[in-house]
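Please look over the sequence and the model below. A short report on selected parts of the fold goes with them.

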Amino acid sequence: MEYKFSDIEEEAKKIWKEKDVYRTSKNGPGKKFYVLDMFPYPSGAGLHVGHPLGYIASDIYARYKRLRGFNVLHPMGFDSFGLPAEQYAIQTGQHPAVTTEKNIATFKEQLNKIGFSFDWNRELRTSDPEFYKWTQWIFIRLFHSWYNKKTDRAEKIESLTSEFEKNGNENVEAACAETEIFSSYEWTEEYSSKKKSDILLNYRLAYLADSWVNWCPALGTVLANDEVKDGVSERGGYPVERKLMKQWSLRITAYADRLLSGLEKIEWSAAVKETQRNWIGRSEGCILKFEIGRAEGSDEENAEDSSLNAGVENFSKEKFSVEVFTTRPDTIFGATFITLAPEHELVFQITAPEYKQQVNEYVAYAKNRSERDRMTDVKKITGQFTGAYAIHPFTQKPIPVWIAEYVLATYGTGIVMGVPGHDERDHRFAKHFSLPIISILKDIDVSENSFDERTGTLCSSDFLNGLSVPDGIQKALD
């Protein structure tokens with residue numbers, strides 16, 4: 001006898017719909033349990049295999065929890081707002097609201113054919129004004145808030161301005177950008193409205209700042225890293241360039257500790273939690289300042305040799321200095337070069353005249369590559385010497401300053417202290433460009449590979465000699 005599964009399935013789905021079996025009541029029986037999927041973008045092509053691949057796993061879990069007596073909320077929605085819908089409208093001449101509605105209908109039909117246990121009464125659409133009015137509301141709340149480290153929470157901006165009026169900012173402990181100390185008199189009597197507004201931007205949780213972005217002139221918009229491939233936009237194949245532009249940012253770093261502690265309470269796999277920790281990116285370390293100088297009377301022949309002390313007999317300090325963030329201050333005596341991100345604002349100011357052309361060409365090359373490409377393409381080693389030197393803060397010896405695409409302007413200060421003996425990427429870079437490689441750990445050979453472990457006994461490190469790595473880190477910080 002033929003098994004007519006399609007007829008049986010249609011009959012079952014009809015009953016599910018009539019009885020609204022997956023509807024979730026807020027006050028239903030059982031302990032509440034929430035199962036959330038990533039919302040798809042509703043393209044005209046319909047579902048692809050990656051959608052049900054994830055949805056099936058979460059649907060199994062949602063059904064399992066229901067059978068265990070939990071009151072399960074398992075919603076679905078559509079990430080239907082943004083560039084893809086706009087571009088499709090431009091290409092076809094159709095209003096995005098029309099095409100988006102049509103695409104959502106297709107997606108819902110396909111999802112229902114598979115038989116997922118979604119509560120469609122809870123459906124969300126990011127293109128719906130009833131939804132995005134809340135994202136606007138959240139943004140306004142963030143803009144009118146600052147993060148008070150004393151109370152470890154966000155507070156209204158009025159409480160901050162009140163403190164400024166009474167005592168200035170000397171006793172304020174906030175998550176903020178660097179700002180000058182001012183008195184209550186200066187705030188109330190001397191500062192203009194414009195200056196006050198600029199100062200408050202340093203404290204607000206939502207603030208304007210110059211940021212490096214992927215700018216696509218043809219699309220007239222900024223693109224995320226995953227929308228750029230090989231220097232062109234994924235949609236349309238238009239050229240993309242790295243550009244410094246004013247962008248709204250969120251002071252998410254203020255919440256790093258709370259995000260990390262909250263992560264421990266979530267039922268996720270160890271691998272996913274580790275990914276989240278890396279994304280949160282909380283690092284403990286210090287800022288090291290390097291004065292920048294240049295070899296006087298350097299010429300092409302001198303400048304070609306960028307080794308540790310070459311061409312720097314007649315050395316002049318410039319008016320510039322750079323700051324490097326490091327989590328390994330114990331390796332400072334292993335630093336043999338400094339590397340700036342090609343987009344860094346000081347690149348053209350410190351570059352020696354005889355290197356202007358090479359630096360210009362390299363910056364043009366690097367700025368048209370996305371951060372993702374630059375981070376993942378580890379086998380391709382590129383860089384350019386600037387002709388400038390940095391003064392080692394302890395030995396006072398000059399070390400060469402390079403630019404390289406493996407350094408990102410958006411990470412730390414956009415500058416890396418090159419310690420090739422104890423950092424894999426620095427080692428590849430130093431070996432490629434014949435820069436010195438020094439071991440600062442006793443009996444550790446770093447000629448062929450870096451030694452990145454935080455173990456061993458420090459040597460060739462002046463006041464850190466004989467200490468273990470953990471003790472060396474602490475003493476260097478002190």
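This report covers a helix, a pocket, and two sets of paired strands.

**Helix α2 and its surroundings**

The model is predicted. Helix α2 spans residues 50-67. The helix has 18 residues, so at 1.5 Å a residue it should span 26 Å. Its end C-alpha atoms lie 27 Å apart, which agrees. After α2 comes Gly69, with a positive phi near 95°.

Which residues of α2 are buried? They are His51, Pro52, Tyr55, Ser58, Asp59, Ala62 and Lys65. An α-helix has 3.6 residues a turn, so residues three or four places apart point the same way. The buried residues of α2 pack against three elements: β1 (32-34), β2 (71-73) and α4 (96-114).

**The second largest pocket**

α2 also contributes to a pocket. The second largest pocket holds about 600 Å³ of space. Its lining counts 20 residues. Those closest to the pocket centre are Leu36, Asp37, Met38, Ser58 and Trp268. Ser58 is also one of the buried residues of α2. Two elements, β1 and α2, each give two or more residues to the lining. The largest share, seven residues, comes from α2.

**An open sheet of three strands**

Next come the strands. One open sheet has three strands in the order β8-β7-β11, and the pairing is antiparallel. Its edge strands are β8 (221-223) and β11 (241-250), each pairing on one side only. Neighbouring strands of this sheet are turned by 55° against each other on average, direction ignored. Strand β7 covers residues 206-216 and pairs with β8 over three bridges. Asn214 stands opposite Leu223 in β8.

**Strand β14 and its partners**

β14 runs over residues 337-340. Phe337 and Thr339 point one way from the strand, while Ile338 and Leu340 point the other way. Are these residues buried or exposed? All of them are buried. In a regular strand the side chains alternate between the two faces of the sheet.

β14 pairs with β17 (residues 415-418) in the antiparallel sense. It also pairs with β16 (residues 398-403), here in the parallel sense. Strands of a sheet pair through backbone hydrogen bonds, either parallel or antiparallel.

The table sets out three of the strand pairs, with a facing residue pair for each.

| Strand pair | Sense and bridges | Facing residues |
|---|---|---|
| β7 and β8 | antiparallel, three bridges | Asn214 and Leu223 |
| β14 and β17 | antiparallel, four bridges | Ile338 and Met417 |
| β14 and β16 | parallel, three bridges | Leu340 and Ile403 |

Definitions and conventions. Residues are numbered from 1 along each chain as its sequence is written. This is a predicted model: local features need pLDDT of at least 70, side-chain atom pairs count only at pLDDT 80 or more; totals for chains, interfaces and linings use all residues. Side-chain values use heavy atoms; hydrogens and water are left out. Two strands pair if DSSP finds at least two bridges between them. Axes are lines fitted to C-alpha atoms, for helices over the stretch in contact, and angles run from 0 to 180 degrees between N-to-C directions. The expected span of a helix is 1.5 Å times one less than its number of residues. Buried means under 20% relative accessible area, exposed over 50%, partly exposed in between (1.4 Å probe, protein chains only). Contact means heavy atoms within 4.5 Å. On a 1 Å grid over the protein atoms alone, a cavity is a set of points where a 1.4 Å probe fits but cannot get out, and a pocket is an open set with protein on both sides within 12 Å along at least five of seven lines; lining residues have an atom within 4 Å of a point. Grid points are joined across faces, edges and corners, and a volume is the space filled by probe spheres set on the points.
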